[in-house]
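Let's take a walk through this structure, looking at its open spaces and at a couple of residues along the way. Have the viewer ready and follow along.

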Amino acid sequence: MPALKTLGTLCVLMLVFAHNEARRASLRANHMVQHAPHIEPQASVIGGRPTPEAYNSLRDIFFRYEESKTLGADITLTQKELQANQLIMEAKTREYEEGLATPHLFTPSQHLFEVLDDIKQSPLFKYISSMPKGAVLHAHDTALCSTDFLIRLTYRDNLWVCQGKGDKEVIGMRFSKTKPDVATQADCTWELLSKVRELHGADKVDTYLREHLTLYPTVKFLDNNEAWEQFGSIFALLDGLLFYAPSWADYYYNALKEFHADGVQYLEFRSTLPILYDLEGTSFTELDTVRIYKETLDKYMAEHIDFIGSKLIYAPIRNTDKEGLDNYIKVCVEIKEKYPDFVAGFDLVGQEEKGRPLKDFIPQLLGMPENIDFYFHAGETNWFGSTVDENLIDAVLLGTKRIGHGFALVKHPLVLQMLKERNIAIEVNPISNQVLQLVADYRNHPCAYFFADNYPVVISSDDPSFWKATPLSHDFYIAFLGIASAHSDMRLLKKLALNSINYSSLSPEQKRVALAKWQIKWDDFIDEVLSGNYDNNGSNNAAQHRLNTNKII
């Protein structure tokens, strides 16, 4: 009887595998195995168990079928891409093998803050940095630019800082012609930042600001509430600096520039649409905030023809009441009517555990106009079965186009099933999930399952400014080396880039243009890899052989 069960299993797998012949053909063009082995449709048994030959045939089919289900398995690489893939996989394999030999030194097993300098030296990271990665579909507008740019903004005239009376801690910042009379939550005194620099020295002041504009170098908080409190304090400190209208425009322009330089050609960002201010006391509205964004984008697009574009998702704070949500909806309708192609849709943001769950606002959300799409944050939690956890269910039932984070998705099989059926993308932000205390070791990130079973995934960066990361390369590097299988190769990288455009809010025609622009950059990247300009410190044939052992394609 065991023998018959084994034979039956083998036959079923062979039938399923034969049904996927077209997919298998593309998988043969791989960096490790040139041809698929021949499968004999028989299995002799000895003493109720299969022969070694039959077992190997079954194992062969098992690995082939499992590999055919992974994200990127449908991608067929060109001859040039196959050659470039060899080089990239040599770099990945080397780092992976070094990790197997010394697990505690494996970069993705450690906190990002502890390995930032090591990552800079990684040949694999250099490849990924140069790679055209398509789009970032999950990022927040006041956490986009590098700390260096923020420091440069603080050198502008008329910037005041509010310092605590005891420890001289900087509580807030504000541009003003005279001493600000803006109330703060703490007891502090306003001083011109230029005077503070004269008194204490520019280097000392700049170092202080750098330390307080990121979460670096703290790798462990008491809990995620403490992490979020520190996280929120950075946003609060930046408000007066960035909400100054001239700074707002320059910040967004520089964000586009930095993302573009990191291989990102399109950006969809969340914004609370803060009310801006200037030195003249001009009365601004949310429409003015969007107008400045759109004018800045038009300027950048005119100067960078290879850039695809950018869109805004209106995402106010979720910790509100029904009257507050009514106002959110009113603003969203107004900005969508005024800027229909720039405004992508609606979301609610903030720490899910302390915010209101989606279920509290179902009637109002269902009543929003059909031309306003949803892109809900949901499942950014490890509290299984809580009301926060249930945001995943409500997001899908409300018709969200994408799920922001979705960290808890693996606990909801029906939601996962609906994601595939409705083609709802998961916006995965690996580094954010670690810094905000959801996962310590990237090898344990739930996105590994999403990759393994071909879920619609896009990799994004959330708030890269706050963890001293690049706009997208660090998250791609972590996802490729630490979350994906050791065997995942350029097909995954290419699929992720294509997904980021295909799951964007761009129209079909806009996507066609976007993919054409991306393809030009991709082809240049492949040529650059093959040119030999990367220093990969030699190859590692032993490491390659070890990965070959279980690679069956």
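Start with a pocket wall: sorted by class, the lining of the second largest pocket has ten nonpolar, six polar and seven charged residues. Keep in mind that what you're looking at is a predicted model. The space in this second largest pocket comes to about 570 Å³. To find it in the viewer, go to L116, K120, T147, K468 and A469, which lie nearest its centre among the 23 residues that line it. Which helices supply at least two residues each of that lining? They are α5 (112–120), α7 (147–153) and α9 (202–212). Of the elements involved, α5 gives the most, with four residues.

Now for the largest pocket, which has a volume of about 700 Å³. Its lining runs to 32 residues, and F235, T272, I317, V349 and G350 are the ones nearest the centre. Here a helix and a strand turn up together: α10 (224–242) and β7 (264–271) each supply at least two lining residues. The largest share belongs to α10, which puts eight residues into the lining. By class, the lining of the largest pocket splits into eleven nonpolar, twelve polar and nine charged residues.

Pockets are open, so what about enclosed space? Rolling a probe the size of a water molecule over the atoms shows where empty space is left. A search of the whole structure turns up three cavities of 30 Å³ or more. The largest cavity holds about 60 Å³ of space. Around the largest cavity you'll find E67, T70, L71, G72 and A73, along with H487, S488, D489, R491 and L492. In class terms, that lining has three nonpolar, four polar and three charged residues.

L71, one of the residues lining the largest cavity, also leads to the next stop, as L71 is in contact with L496. L496 lies in helix α20 (residues 490–502). Is L496 buried or exposed? Its relative accessibility is 3%, so L496 counts as buried. Leaving aside neighbours within four places in sequence, the contacts of L496 are L71, F451, V457, I459 and F476. There is also a long jump in sequence to look at: L496 and A135 are 361 residues apart along the chain, yet their C-alpha atoms are 9.4 Å apart in space.

The other residue to pick out is E380, in the loop between β11 (377–378) and α15 (391–397). E380 is buried but has no salt bridge. What is the nearest side chain of opposite charge, and how far away is it? That would be R318, at 7.0 Å. As for what E380 does touch, not counting residues up to four places away in sequence, the list is W228, E352, E353, H405, F407, S432, L436 and L438. Notice that E352 and E353 are on that list.

Finally, zoom out to the whole chain. There are 22 helices and 14 strands. Of the 553 residues in the chain, 56% are buried, L496 and E380 among them. Contacts that reach across the sequence show up here too: among those between residues at least 6 apart in sequence, 78% join residues at least 24 apart.

Definitions and conventions
Residues are numbered from 1 along each chain as its sequence is written. This is a predicted model: local features need pLDDT of at least 70, side-chain atom pairs count only at pLDDT 80 or more; totals for chains, interfaces and linings use all residues. Side-chain values use heavy atoms; hydrogens and water are left out. On a 1 Å grid over the protein atoms alone, a cavity is a set of points where a 1.4 Å probe fits but cannot get out, and a pocket is an open set with protein on both sides within 12 Å along at least five of seven lines; lining residues have an atom within 4 Å of a point. Grid points are joined across faces, edges and corners, and a volume is the space filled by probe spheres set on the points. Ala, Val, Leu, Ile, Met, Phe, Trp, Tyr, Cys and Pro count as nonpolar, Asp, Glu, Lys and Arg as charged, and the others, Gly among them, as polar. Buried means under 20% relative accessible area, exposed over 50%, partly exposed in between (1.4 Å probe, protein chains only). Lys and Arg count as positive and Asp and Glu as negative; His and the chain ends are not counted. A salt bridge is a side-chain nitrogen of Lys or Arg within 4 Å of a carboxyl oxygen of Asp or Glu. Contact means heavy atoms within 4.5 Å.
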